[in-house]
Amino acid sequence: MSAATSAGTSVATKGATVRNKLILMAVSTTIVALLAAALAMLVFDLRTFQRYWTDDLMGQADIVARVTAPALAFNDDETARQNLAVLRVRPQILAAAIYAANGTRFASYEAVPGQRFPERAQAPGYRIDGGEVVVFRSIVENGDLIGTVYLRSRYGLWERLFSYGAILGAVMLGALAIAALVASRLQAAITRPLQAVTNTARDVMQQRDFTLRVPGKERGEIGVLVEAFNDMLAEIGRRSAALQEANATLEHEMEVRQRAEQALIVADRRKDEFLATLAHELRNPLAPIRTGLDILRLRSGDAQATQRATDIMERQLRQMVRLVDDLLDVSRINTGKFAIKTGRVELKAVVNDALEVVRPYIELHGHELVIDLPDRPVFLHGDATRLAQILSNLLNNAAKYTNRGGRVSLKATVEDRTLVMVVADTGIGIAADMLDTVFEMFVQVDSTLERSNAGLGVGLSLARKLVELHGGSIEAHSAGVGHGSQFVVRLPIVVDPELPAKPTPAAFISAETYRILLADDNVDFVNSIGALLTAMGHSVVITHNGPDALAAAKRFCPDYAFLDIGLPKMSGYDLARAIRALPSGSMTVMIAVTGWGQEKDRQLAFEAGFDHHMVKPVRFEQIEEILGNRAIIKKLRT
Amino acid sequence: MAGWALACASALGVLAAALPPAQAQNPAASSALERRVKAAFLYKFLGYAEFPPGAFFDGASPVLIGVAGSDDLAAELARVVAGRTINNRPVIVRALRDADVHAPLHLLFIGGADPARVGRLVRQATSSMLVVTECENGLQQGSVINFRIIDERVRFDVSLDAAERNGIKLSSRLLTVANRVQKGGQQ
């Protein structure tokens with residue numbers, strides 16, 4: 001259907017042309033047939049007419065001969081004239097005459113005066129001469145030829161031809177009109193389906209609607225045409241739909257990609273900001289620590305100064321450790337490797353743990369801290385450490401974004417079976433459009449803030465993820481910038497009593513004492529830990545390199561060995577393998593202490609024979625926890 | 001038949017050629033022409049007359065014409081009818097004396113202009129006969145056809161009553177050329 005691509009008007013004229021052609025065909029066929037028939041009829045009629053005319057004239061001549069015979073026989077020209085005068089009733093007879101037997105004219109008649117007559121009678125018969133017929137007829141009476149009749153008549157052939165032709169013409173015109181009418185009716189059987197096809201084609205092109213179909217059921221070739229056209233439309237429609245679908249898919253994909261690209265750009269920018277902030281945040285505590293070290297070196301004898309310096313350094317270190325811990329946790333959550341240890345936890349313990357961490361920081365900023373907790377115990381289902389982390393993050397944040405001398409409050413209430421904790425401050429507040437985004441990773445409230453106030457945008461993100469892991473929710477409220485902010489945490493409360501799953505770490509403190517080997521080249525760290533363990537009643541041996549540690553292990557046969565991987569002279573892995581090779585080595589619980597928390601480091605440690613893997617900096621609680629699991633490990637070993 | 005017709009045509013040609021001059025002749029010099037015309041008429045009358053059934057003995061019986069009181073006309077008529085037939089019957093012409101008029105005839109011509117004589121002869125003649133006369137008031141004497149001369153032409157009157165009386169039917173075509181036709185009480 002190449003014509004379908006041309007304009008609609010040409011389709012219409014084409015249909016009209018087909019119609020006209022069909023009618024023209026019928027009419028011209030009729031004309032040819034009618035002409036042939038008319039010509040044959042005309043020829044036949046004229047021959048018949050001529051015979052009739054001459055026969056009639058001969059008959060007239062006979063009558064005249066018969067009637068005038070007595071007049072001629074008795075030489076009565078007067079009577080003969082009277083007889084001839086009767087011909088007046090036949091106006092087409094122009095002239096008549098009687099000739100005697102000797103050929104002379106005996107009597108004559110003329111319809112109009114001034115007619116010519118032949119001089120002498122001629123042989124009987126008729127002659128057509130121009131528009132006239134001339135007849136000579138013998139007059140025979142009683143067997144004798146007594147004269148001749150002469151008749152001259154108008155020959156009506158042309159008149160006849162004209163009148164007959166006119167009738168034929170009229171009949172032909174009528175027939176043509178009827179033929180045209182009939183043809184215009186009959187052509188509809190062909191043109192109507194064609195018209196329907198062209199109309200549908202035009203509609204389809206104009207409306208781009210391929211569900212249109214040519215209506216009606218036709219038979220024969222036109223039916224096949226209509227059916228094929230409909231099938232073609234269906235096919236085009238299917239393809240067009242498929243194409244559109246593919247286009248939509250492509251568009252959607254493009255959109256998704258663009259969004260992803262946009263998100264990547266944003267993420268990239270945030271990461272850059274994060275890196276800058278991270279560098280700053282990591283470097284920030286280093287300056288006071290360095291200062292503390294300088295004080296210690298210069299004024300090691302001054303106990304008061306030493307104490308102050310170590311306090312500063314410890315605070316800064318804790319802050320730094322916090323930061324790195326948060327980062328690691330977030331990274332673990334994001335990679336799906338983070339799991340919380342669930343258990344029955346009491347609210348007050350959680351709050352105490354959190355306060356222990358943040359109280360120095362809050363006091364450092366000179367804030368007033370207000371705590372308001374329910375009187376009766378509230379039990380939660382979750383990880384005590386992580387719950388404390390949530391609170392400490394929120395409190396830390398509140399302290400950080402509140403100008404010096406502000407107020408930080410923690411209020412916990414019970415609503416039905418939900419614990420609602422609100423951490424509020426009188427700080428810089430949050431703009432309304434930022435309320436939802438503050439929980440996103442690396443998002444900072446205001447990048448124009450001073451560096452000292454800038455955070456990494458990690459703490460809130462981690463808090464929200466931890467809350468969600470506990471089946472709770474967190475939301476931020478603020479009356480606006482400069483009006484302080486509120487963070488509301490909702491956590492489900494456990495009502496049913498729970499069987500104690502494990503003994504609390506506190507139960508172990510005086511329950512059992514162990515022989516413990518510590519090996520680390522960080523003398524400060526290892527000495528402080530050693531002092532703590534000794535204070536708890538354990539026997540502790542401290543070494544600072546690999547060979548010393550191995551020698552101590554041989555002699556001391558420790559229950560626990562905390563080994564730094566990065567020891568001088570001998571790597572922690574080699575040391576572990578050597579200890580395991582000792583006779584008493586299989587009884588020792590070995591813990592790798594490294595600066596690397598990657599999965600492959602963990603794997604390497606376990607391959608070398610370690611039972612546990614701890615990432616620096618090591619908190620004392622972690623050590624206590626490991627000491628508490630002694631029984632389980634022994635069981636596994638044997 | 002065709003040969004016969006040709007023969008007739010040639011024979012008549014002589015008579016026909018003689019007719020027009022008759023119109024132009026003066027009475028004194030045209031006596032012979034008049035005799036000839038009347039002879040021809042007599043013969044032609046037979047063609048327009050129908051005789052009663054018993055008039056002929058059989059189909060081949062001749063048509064008998066008697067001419068009384070005019071021998072030259074008889075001779076002329078004899079010449080006219082020579083070789084001719086009427087309805088396939090030969091024609092025989094007899095010149096009669098007045099005493100012989102009662103003889104059986106089909107056509108009797110009584111010449112002469114004396115009405116008394118003509119009337120006597122008409123009454124003597126047998127019935128069923130076409131009687132032709134040429135005198136004044138011939139029809140009143142009982143003749144069927146009476147010649148007259150009008151405008152120097154030979155014309156004739158017809159009495160249908162006489163014809164009917166004699167059992168003779170005259171063709172209407174003959175009547176069309178008659179000068180006068182008497183019928184009923186017009187006598």
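**Strands and confidence in a predicted complex**

Me: In this predicted model, what makes strands S3 and S4 of chain A a pair?
Reply: Strand S3 (residues 125-129) and strand S4 (residues 132-141) of chain A run antiparallel and are joined by 5 bridges. Pairing asks for at least two bridges, so these strands count as paired. Within the pair, A:Arg127 stands opposite A:Val134.

Me: Which residue in the turn between S3(A) and S4(A) has a positive phi?
Reply: That is A:Gly130, with a phi of about 65 degrees; the hairpin has 2 residues between its strands.

Me: How do you know that S4(A) also pairs with strand S5 of chain A?
Reply: Happily, the count is clear: 10 bridges join S4(A) to S5(A) (residues 144-154), against a requirement of at least two, so they pair. Their sense is antiparallel, and A:Ile139 stands opposite A:Gly147. This is a hairpin too, with 2 residues between the strands and a positive phi of about 55 degrees at A:Asn142 in the turn.

Me: Why are S7 and S11 of chain A called edge strands?
Reply: In the open sheet of 5 strands, the order is S7-S9-S10-S12-S11 (chain A), with mixed pairing. Strand S7 (368-372) and strand S11 (473-478) each pair on one side only. For S11(A), an antiparallel partner is S12(A) (residues 485-492), over 6 bridges, with A:Ala476 opposite A:Phe487.

Me: What makes residues 1-25 of chain B a stretch to read with care?
Reply: There pLDDT stays under 50, on a scale from 0 to 100. Where pLDDT is low, the predicted coordinates should not be read in detail. Chain B as a whole has a mean pLDDT of 79, and 82% of its residues reach 70 or more.

Notes
Residues are numbered from 1 along each chain as its sequence is written. Chains are lettered from A and ligands numbered from 1 in the order in which they are written. This is a predicted model: local features need pLDDT of at least 70, side-chain atom pairs count only at pLDDT 80 or more; totals for chains, interfaces and linings use all residues. pLDDT is the predictor's confidence in each residue, from 0 to 100. Two residues are in contact if their C-beta atoms, placed from the backbone, lie within 7 Å. Helices (H or I, at least four residues) and strands (E, at least two) are DSSP runs, numbered from the N terminus.
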